[in-house]
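Work through the exercises below with the sequence and the model at hand. Attempt each task before reading its solution.

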Amino acid sequence: RVYGGNSEATHYSPLKQINRANVKQLELAWSYDTGETGGLQTSPLEVGGVLFGVSPSQKVFAIDAATGQLKWKFDSGIVGTQPVRGLAYWASPDNRDRRIIVGVMNFLYELNAETGKPIPSFGTDGRIDLREGLGRDVSTGFVALTSPAVVYKDLFIVGGRLPETLPALPG
């Protein structure tokens with residue numbers, strides 16, 4: 001449910017079904033081809049039998065984790081030119097509202113985890129431009145979200161890539 005395996009991002013799994021004695025017996029169950037060129041630098045999430053990931057050009061997809069069948073794909077229309085390491089998941093306490101939080105360049109999106117559609121009430125039509133509200137000209141600002149958001153209750157925290165030259169945006 002979270003990047004890095006747990007909320008501490010330790011990359012550790014306590015699962016014991018696969019071990020040194022039987023790992024050589026594993027076989028490919030399915031594969032998914034994004035149909036794109038370029039390196040995939042994302043760590044997917046699996047929540048409730050659905051695998052969520054990001055393609056090399058930063059299209060977000062959901063796949064049935066048991067069958068490998070595509071459930072939905074979201075294309076923001078923006079071609080990503082920076083790596084994306086992953087995405088984040090958030091659910092309301094009653095689990096009725098489930099969202100994928102993902103960065104595509106300078107935009108942060110909240111998508112409905114069931115449909116892949118942007119959440120209209122989030123930002124402007126489901127996205128926030130992280131260059132806005134910083135007291136700088138948005139057209140000259142550069143920020144690229146390269147890491148997944150960290151979710152704490154109803155708050156998420158993002159970091160990204162900023163230029164080291166002027167006109168630099170505040171961190």
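The exercises that follow treat two sheets, a strand, aromatic rings and enclosed space.

The model is predicted, so local features need pLDDT of at least 70 and side-chain atom pairs count only at pLDDT 80 or more, while totals for chains, interfaces and linings use all residues. Residues are numbered from 1 along each chain as its sequence is written, and side-chain values use heavy atoms, with hydrogens and water left out.

**Exercise 1. The sheet of strands 1 to 4**

Determine the order of the strands in the sheet that contains strand 1, and identify its edges.

Solution. Begin with the terms: strands are DSSP runs (E, at least two residues), numbered from the N terminus, and two strands pair if DSSP finds at least two bridges between them.

Next, trace the order: four strands form an open sheet, 1-2-3-4, with antiparallel pairing. Its edges are strand 1 (45-47) and strand 4 (70-74), each of which pairs on one side only. Neighbouring strands of this sheet are turned by 20 degrees against each other on average, direction ignored; the axes behind this value are lines fitted to C-alpha atoms, and angles run from 0 to 180 degrees between N-to-C directions.

Finally, inspect one pairing. Three bridges join strand 1 to strand 2 (residues 50-54) in the antiparallel sense, and Leu45 has Phe52 in strand 2 as its bridge partner.

**Exercise 2. An aromatic pair within that sheet**

Describe the ring pair of Phe52 and Trp72, and state which strands hold the two residues.

Solution. A pair of aromatic rings is described by the distance of the centres and the angle of the planes. Rings of Phe, Tyr and Trp (its six-membered ring) pair if their centres lie within 6.5 Å; planes under 30 degrees apart count as stacked, over 60 as edge-to-face and the rest as tilted.

The whole structure holds five aromatic pairs. In the pair of Phe52 and Trp72, the centres are 6.1 Å apart and the planes are at 45 degrees, so the pair is tilted. Phe52 belongs to strand 2 and Trp72 to strand 4, so the pair ties together parts that are 20 residues apart in sequence.

Now consider burial (buried means under 20% relative accessible area, exposed over 50%, partly exposed in between, with a 1.4 Å probe and protein chains only). Phe52 is buried because its relative accessible area is 0%, and Trp72 is buried at 6%. Elsewhere, ring pairs link Phe74, Phe107 and Tyr109 into a cluster.

**Exercise 3. Strand 6 and its neighbours**

Place strand 6 in its sheet, and decide whether its residues are buried or exposed.

Solution. First, the sheet: four strands in the order 5-6-7-8 form an open, antiparallel sheet. Strand 5 (88-91) and strand 8 (127-129) are its edge strands, each pairing on one side only. The twist averages 20 degrees from one strand to the next.

Second, the partners. Strand 5 and strand 6 (residues 98-104) pair antiparallel over four bridges, and Tyr89 has Ile100 as its bridge partner in strand 6. The hairpin of strand 5 and strand 6 has six residues between the strands, and Asn95 in the turn has a positive phi of about 65 degrees. Strand 6 and strand 7 (residues 107-112) run antiparallel and are joined by six bridges, with Val104 opposite Phe107. In the hairpin of strand 6 and strand 7, two residues lie between the strands, and Met105 takes a positive phi near 55 degrees.

Third, the burial: seven of the seven residues of strand 6 are buried. Arg98, Ile100, Val102 and Val104 point one way, and Arg99, Ile101 and Gly103 point the other way.

**Exercise 4. Cavity and pocket**

Give the volume and lining of the largest cavity and of the largest pocket.

Solution. On a 1 Å grid over the protein atoms alone, a cavity is a set of points where a 1.4 Å probe fits but cannot get out, and a pocket is an open set with protein on both sides within 12 Å along at least five of seven lines; lining residues have an atom within 4 Å of a point. Grid points are joined across faces, edges and corners, and a volume is the space filled by probe spheres set on the points.The largest cavity has a volume of about 50 Å³. Its lining includes Val84, Ile101, Val102 and Gly103, and strand 6 gives the largest share, three residues.

The largest pocket holds about 300 Å³. Of its 14 lining residues, Val2, Tyr3, Ala149, Val150 and Val151 lie nearest the centre. Strand 5 and strand 9 (150-152) each supply at least two residues of this lining.
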